[in-house]
Amino acid sequence: MPSVSLSRAALAVAAAAATSLALVGTPTTTAAPAAAARPAPAQPAALSCTDVSCLNPMTDEAKLAQFAGVQATRAGADSAAAMRTAIEAKTALAAGPAVPGTTGTWTPLGVGPLISDDPTYTATYGSGFADIAGRISDFAYSPTTKQLWATAAQGGVWESNDTGGSWHSVGEGLPFQSVSGIAWTPAGGARGTLMVLTGDHAFSNDYAGLGAYWTTDNGAHWNRAGGIPDGALGFKIAVDPTKPAVAYAATGFGLYRTADAGRSWTNVRLPTGSCTGNSQAKDCFFANIATDVEVQGADTFGHKGGAVVTALGWRAGRYPNFNGKPQAPANGVYRSDTGAVGSFTQIPDTSGITASKDFGRAEFGAARGPDQNSAYVYAMVQNSTYFTSGQDPLSNTINGDPLGVGINPLAKTSDLDGIYVSPDFGKTWRMLSSAEQMKNPANGSSLNQLRPLGISAGYQVTYNQWIKPDPTRTINGVPSRMVFGMEEIWTNQIPMPLDGSGETNTPAGRQGAVTFQTIGAYNQAGACLLVAAAEACSAGRVPDNPLQTTTHPDQHAGIFIPNEGTGVTLVVGNDGGVYRQSDDTGASPFTQQGFGRGSQTGFHTLLPYGIAMAKDGTTYMGLQDNGEAKIDKTTGKQYMVYGGDGVFTVVDPNNSDIVYEEYPGARVSLSTDGGKSFVAIGPPSFVTDPDFVTPLVMDPRNAKHILTGGRQIAETTVGPDTTTSSGWKNVYDLGVRSSPGDGGKATADDPANHVVSLAVDGPNVYAGFCGSCDPVKLHQKFANGLATNVGGDEKPESGTDSGWHIATAKGLPQRFITSLAIDPKNPRTVYATLGASAARYFAPLGSLGEDASKAAGGYVYKSTDAGETFTNITGDLPKVQATWSLVRGGQLIVSNAVGIFASAGTSGGHYAPLGTGLPTAAVFSMHLKPGDPNTLVAASFGRGGYTYRFPAGSQLPMGEPPGRPPSSGGNLAATGLGVGLPLAGLLALLTVAAIRRRRTAG
């Protein structure tokens, strides 16, 4: 899942406790929306095959057989082309038959950056963050046109014409907004060519990509490149400085090369044994994940350039899959003098860098300055063994959690292996700094002060890292200043030749001679904000004092841009957007205060999981790594009112001052003053094993009725009177995978079930669960299920275990249940949306060799018998991860990875895109505004909040929630028997109730 940002509240707890492959041919062109003509219906996709074999003559029957084999071993429910097919289906649906209510226009919700230093909101005031946007993946720069581009992880491509001072989108014409590596080359057009990879690179809740795209008109038209497979994550693009038409793309399916400025790409076939050139082969899904690439330039030291170095860096390395095969058998550094297909060799373990058996994610930075020796290249390497052998402090299941606070003090505290330099462009390596050296508390890292509690610098380099030498700082041809990012931003304390001289061997292992210090600490006040005195630290902050600011944590990208005269500008990207500062003299140090407030003007790239609007228009969002956001109902300004990671949020519809914020792991906090202050009210002590993105729901009939949970379903009916020790009731234990609902002790082979989706309407509740939910991270096989108190042998009753049982859920595929929705007219009718896989969208079920045959099926399902049986109502909805659904009147509305759609009824069939103006990004949740069923509020993950006003002719009466029976009929609905249930249905219900396994008390 996403990065784990350590909120002050969470740290206070810790301290207190101690392929389809793209077809070869002419690239397609996607025009920006403003210039697009009415789209034609999508054509059937051509057959795909493994990439090199596409060039071999084969009969149609052989191609079909090969395609079927690839699909069978790849992903079960998913095909590598699922996302592209979904995009094409969306286009076809937009041109197809109309659906009532779908002709409106979406409007962005929220104005300007997320403001996190308003003294009104005490939970975030004093953190050191000021202006925030969404997660940034990479940068590119054109020295001829002075344009700077940034990719926003799930938010498209953005351009700045003032070195990051302001931004505007140029990526609306891409097929979807999940992007990663980006590069500019002077080749291919009068203004050069901009190339971008799709598919996020964080190994998180990332969407697999749709290959590569290029533009020569600044994004007015994006062209699909040939050769790079659909279904791969994107990482980096590196242009050959000596041959600008040549570039290399590091992707989740290997390293690719272009010789025509990004129009077509060829797999260079890194030698990974039986997985060479084919990530779709059995047991090969993780074998060819290339996390970075650099190309050597020419210099005045006799180097002609053109050599290429790349890294295969799947974070788990050789950890076995479910077939007992290594996930990535050949991680490590690969090198070629020419970059030609078949010319790469793996650097041996004797070269001085991390051994292949321990090699994890890695990124490079090459010497690029005009006076620098281009043979120097730098590397940051994650240790895969630390990550998989109990050294990952973020995985309670692998690590254990003796303190019960999500942190293991017995762990190694970091997944970093070390910082390295090569003086011969990757042939041999020396150590600049070891992981142990980086943990020294004297280097300014806020995280190193938590080392006794199990966290130190580099604890999540599986998720974010970058490294770059300054091209303007040189001593005898050797770069003398380097900046890199992990959770924090670092540079060497003393300018010196960064050549690796002075490396020593000690009893504790290798040590480098370079001391690095933070210039972008995790927070502005060091240890002060990492203990229970957080509020006192906030109160002591000096307003508008630049010494009190820092960059947002979790660094993903950095770029040096030489100034027109002297010096250089450093631009960095992280989970909070873009930050920059200049060394105008060419001799000044970079400092923490130099980054100022951040450079977010123009961005609309926040990543909300949950969104909630009160009747007065005040809106709250739970944001990935940016806590709880509040959007002012009058000004539209966005404020961070609580820190860390935010997931779901709910607000009292009649009193927007009463809001519930949720941090990962069901940690719920309450504000009764509109976010000015918060108090922790959860999770209750009985909740175990909560999901990272834990569901949090509020009863639409009663704002005091709220549910969340983990293995246990936790329910309160006293709203703002709830505390961590009172109000919550344990209404049901979901048990373990082998015996859901029957208790049992969880083991590594029989994991606990935990809730991942909830729906509530009055006393009626449905809970979707899985155990395990994350095969990639936890190496436990996936299974799902459904629990409910509707249709059981007792009447549902809020706050009790009455009626709770495991529903049969016959017909529901074995995939992640992303959401549940109760039909307001009948609580026995429930809708389920399904993910494309489990918790890792880029690695579908089956990627680790497990049987995924039960995962196949649709994405939206309906049950009319309280979850006993389900019918696939996906219809012509794009076949890709669905995320949310709701009933508006007699109409079903569904969100998924490519947008929001509406059907004419509630039984599927034909769907149409809901309105225009919503970027093609995943929508994680949506809700009708309370009291106003004609306004829909959506959480676009990567493009922030949006609202939709249903047009005239499709509007519903204000006040009463759409589709709900009159209040006088509430007692009948609450019985669980529904409204107008036929006699035959009633008899069937009684029969099922008689034979169903009885509920298990929590």
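How many bridges pair strand β19 with β20, and in which sense, parallel or antiparallel? Strand β19 (residues 332-336) and β20 are joined over two bridges in the antiparallel sense. The legends below describe this sheet and other close-up views of a predicted model, in which local features need pLDDT of at least 70 and side-chain atom pairs count only at pLDDT 80 or more, whereas totals for chains, interfaces and linings use all residues. Residues are numbered from 1 along each chain as its sequence is written, and side-chain values use heavy atoms, with hydrogens and water left out.

**View 1. Overview of the protein chain.**
The protein chain contains 10 helices and 64 strands. Helices (H or I, at least four residues) and strands (E, at least two) are DSSP runs, numbered from the N terminus. Of its 1002 residues, 64% count as buried. Buried means under 20% relative accessible area, exposed means over 50%, and partly exposed lies in between (1.4 Å probe, protein chains only). The chain exposes about 31,900 Å², and carbon and sulfur atoms supply 55% of this area. Accessible areas come from the Shrake-Rupley method with a 1.4 Å probe; for residues, only the protein chains shown count as cover.

**View 2. The open sheet with strand order β17-β18-β19-β20.**
Four strands form this open sheet, and their pairing is antiparallel. β17 (290-295) and β20 (345-346) stand at the edges, each with a single partner strand, so one side of each is left without a neighbour in the sheet. Two strands pair if DSSP finds at least two bridges between them. Across the pairing of β19 with β20, Y334 stands opposite Q346 in β20. Strands of a sheet pair through backbone hydrogen bonds, either parallel or antiparallel.

**View 3. The largest nonpolar core, with L936 among its members.**
This core holds 76 residues, of which W106, V157, Y660, I893, I900, L914 and L936 touch the most other members. A nonpolar core is a set of buried Ala, Val, Leu, Ile, Met, Phe, Trp, Tyr and Cys residues joined through side-chain atoms within 4.5 Å. When residues up to four places away in sequence are not counted, L936 touches W106, L886, I893, L914, M926, H927, L928, Y946, T947, Y948 and F950. Contact means heavy atoms within 4.5 Å. A second, separate core has 44 residues, including A212, Y256, V268 and L270.

**View 4. Surroundings of I519 in strand β32.**
I519 belongs to strand β32, which spans residues 516-520. With a relative accessible area of 2%, I519 is buried. Its contacts, leaving aside residues up to four places away in sequence, are V483, I489, W490, T491, F590, T591, Q592 and F595. I519 and Q493 are 26 residues apart in sequence, and their C-alpha atoms are 9.9 Å apart in space.

**View 5. The disulfide between C275 and C284.**
A search of the whole structure finds two disulfides, and one of them joins C275 to C284 with an S to S distance of 2.0 Å. A disulfide is taken here as a pair of cysteine sulfur atoms within 2.5 Å. The torsion about the S-S bond of C275 and C284 is about -80°, so the disulfide is left-handed. C275 counts as buried at 3% relative accessibility, and C284 counts as buried at 1%.

**View 6. The disulfide between C770 and C773, with the cis peptide bond of G771 and S772.**
C770 is joined to C773 with an S to S distance of 1.8 Å. Because the torsion about the S-S bond of C770 and C773 is about 105°, the disulfide is right-handed. Both cysteines, C770 and C773, are buried. A cis peptide bond with omega of about -5° joins G771 and S772. S772 lies in the loop between β51 (764-770) and α8 (775-778).

**View 7. Backbone features of the loop between β43 and β44, and of T163.**
Most residues other than glycine have a negative phi, and most peptide bonds are trans. G682 and P683 are joined by a cis peptide bond with omega of about 5°. P683 is placed in the loop between β43 (679-680) and β44 (697-699). D689 is also found in the loop between β43 and β44; phi of D689 is near 55°, a positive value in a residue other than glycine. At 33% relative accessibility, D689 counts as partly exposed. T163, not a glycine, has a positive phi of about 55°, and T163 is found in the loop between β7 (156-160) and β8 (168-169). At 23% relative accessibility, T163 counts as partly exposed.
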